[in-house]
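Work through the exercises below with the structure in view, and try each task before reading its solution.

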Amino acid sequence: MSDFLTALGLAIAIEGALYSAFPGPMRRALAAASRMPDPSLRLGGLAALAIGVFVVWLVRG
């Protein structure tokens, strides 16, 4: 459980750093995402999930 909370905290920190460093581009990215159809967002989310699981699998072995 502590690994999950660590990963969650790191994801929130990275997202916060991106919003802090690049507020305009992040706002545009969110606006573009809101205009995307659901299937495209779902496919992108599944791709990100697969990549994330693969990276964790590589690191944690």
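Relative accessible area sorts residues into three classes: buried means under 20%, exposed over 50%, and partly exposed in between, with a 1.4 Å probe and protein chains only. This is a predicted model, in which local features need pLDDT of at least 70 and side-chain atom pairs count only at pLDDT 80 or more, while totals for chains, interfaces and linings use all residues. Residues are numbered from 1 along each chain as its sequence is written, and side-chain values use heavy atoms, with hydrogens and water left out.

**Exercise 1.** Decide whether Leu58 is buried or exposed, and find the helix that holds it.

*Solution.* Begin with the relative accessible area of Leu58, which is 51%, so that Leu58 is exposed. Next, locate Leu58 in the sequence: it lies in helix α3, residues 38–60, where a helix is a DSSP run of H or I with at least four residues, numbered from the N terminus.

**Exercise 2.** Check the length of α3 against the span expected from its residues.

*Solution.* The expected span is 1.5 Å times one less than the number of residues. For the 23 residues of α3 this gives 33 Å, and because the end C-alpha atoms are 32 Å apart, the two values agree. After α3 comes Gly61, with a positive phi near 55°.

**Exercise 3.** Describe the chain as a whole, starting with its helices and strands.

*Solution.* The chain has 3 helices and 0 strands, in the order α-α-α. Then consider burial: buried residues make up 2% of the 61 residues. Finally, the C-alpha trace spans about 35 × 30 × 20 Å along its principal axes.

How values were computed. Helices (H or I, at least four residues) and strands (E, at least two) are DSSP runs, numbered from the N terminus.
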